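Reader: I am new to this structure, and I would like to understand the terms used for it. Could you show it to me and then take my questions in turn?

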Amino acid sequence: MRLLRYGIKGQEKPAILDEKDQVRDLSSIISDIDSTTLNFALINKLQQLDLSTLPIVQNPHPIAACIGKVGKFICIGLNYKEHAKETGAKIPQEPIIFNKWTSAISGANDDVLLPRGSTHTDWEVELGVVIGKAGKYIAQDEALSYVAGYCVVNDISEREYQSHRGGTWDKGKGCDTFGPIGPWLVTYDEIADPQKLELWLEVDGKRYQHGNTDDMIFSVKQLISYVSQFMSLQSGDIISTGTPSGVGLGIKPDPIFLKAGQIMRLGIEKLGIQQQRVISED
């Protein structure tokens, strides 16, 4: 299933895409798709629905973030072999964990705001994993049973803030609008193998990233298990699993960063496409 939310911020409504890509309203079934409602019982219930009985949403705009009330937005750094190489970093021996603040979350097609004075804002298409039940110390062979679904994430990053302003990466990762998710949450049953998905990103029509999740250093099940050794996971938590090569920072000899007026377009096989306009907060 492809679940989504639509409407202005604070008034989002739940919906589902039918086999003809028509948006069907789920408000009669559930109040929202968020951390308080998302679980495997809900997914099973929705799988039994006759979608033709649900009202069609004629103008489902804006498309909101695909899940609301996210508790944790956990990210993994340098998790693709080719991306690690392009940045000159060593292959990590253990996953690198950092956070995106939940205030960074935005819709898949919302504008991206360049922070005041920013000159090094970069793009990163990533596979997002959405947790569907609580767990801690999760075994690798059970890890995928905790996944409610998957989504596209753009892990937008201000590289100067991230690497040259002291402290951890977090300050360059969590600016407002730096975490577009969606357009939809694709339930686990639609993705047979999360390690076989193509992902790509373009800026102003030029393709910079084109990779496959089979290049991950640590697989989705390894990441879920690893993260759960340090914190409990709850329904609605997102793990963003790293980006392939082709980020602006890695372009040689001169890195390229985002400017106001540019358009990012990115997607992942079976998970949909995002498109964002870059604007300045100045």
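Author: What follows is a set of questions about how certain words are applied to this structure, which is a predicted model.

Reader: What makes the overall dimensions of the protein agree with those of a compact globule?

Author: For 282 residues, a compact globule would have a radius of gyration near 19 Å, and because the protein has 18 Å, the two agree. Along the principal axes, the C-alpha atoms fill a box of roughly 55 × 45 × 30 Å. Within that box the secondary structure comes to four helices and 18 strands, and buried residues make up 57% of the 282 residues. Of the contacts with a separation of 6 or more, 74% are between residues 24 or more positions apart.

Reader: Why is Asp32 called buried?

Author: The word buried is used under 20% relative accessible area, and Asp32, at 11% relative accessibility, therefore counts as buried. Asp32 is found in the loop between strand E3 (23-25) and helix H1 (40-47). Leaving aside neighbours within four places in sequence, Asp32 is in contact with Arg5, Pro14 and Thr37.

Reader: How do you know that the side chains of Asp32 and Arg5 form a polar contact?

Author: A polar contact requires a pair of N or O atoms within 3.5 Å, and the side chains of Asp32 and Arg5 are joined by one of 2.8 Å.

Reader: Is Glu158 buried or exposed, and what does Glu158 touch?

Author: Glu158 has a relative accessible area of 0%, so Glu158 is buried. Glu158 lies in strand E11 (residues 157-158), and, not counting residues up to four places away in sequence, Glu158 touches Ser118, Thr119, His120, Thr121, Gly172 and Phe178. The side chain of Glu158 also reaches the backbone nitrogen of Thr119 at 3.3 Å. Phe178, one of the residues that Glu158 touches, is itself buried, with a relative accessible area of 0%, and has its place in the loop between helix H3 (159-164) and strand E12 (179-180).

Reader: What makes helix H4 (residues 220-227) largely enclosed by the rest of the structure?

Author: Six of the eight residues of helix H4 are buried, and therefore the helix is largely enclosed by the rest of the structure. The buried residues are Val220, Leu223, Ile224, Ser225, Tyr226 and Val227. What covers them includes strand E4 (73-77), strand E5 (96-99), strand E9 (125-131), strand E10 (147-154) and strand E16 (238-240).

Reader: Why is Lys69 called exposed, and why is Leu78 called buried?

Author: Exposed means over 50% relative accessible area and buried means under 20%. Lys69, at 58% relative accessibility, therefore counts as exposed, while Leu78, with a relative accessible area of 14%, is buried. Lys69 is found in the loop between H1 and E4, and the place of Leu78 is in the loop between E4 and helix H2 (81-87). Neither is a glycine, yet Lys69 has a positive phi of about 55° and Leu78 has a positive phi of about 50°.

Reader: Which residue does a cis peptide bond join to Pro183, and what is omega there?

Author: A cis peptide bond joins Gly182 and Pro183, with omega about 15°, and Pro183 lies in the loop between E12 and strand E13 (185-187). The peptide bond from Lys252 to Pro253 is cis as well, with omega near 0°, and Pro253 has its place in the loop between E16 and strand E17 (263-268).

Technical notes: Residues numbered from 1 in each chain as written. Predicted model: local features only at pLDDT ≥ 70, side-chain atom pairs only at ≥ 80, totals over all residues. Heavy atoms only, no water. Helix = DSSP H or I, 4+ residues; strand = E, 2+ residues; numbered from the N terminus. Rg over C-alpha atoms; globule rule 2.2 N^0.38 Å. Buried < 20%, exposed > 50% of the residue type's maximum accessible area, 1.4 Å probe, protein only. Contact = heavy atoms within 4.5 Å. Polar contact = N/O pair within 3.5 Å; in protein donor to acceptor, adjacent residues only side chain to side chain.
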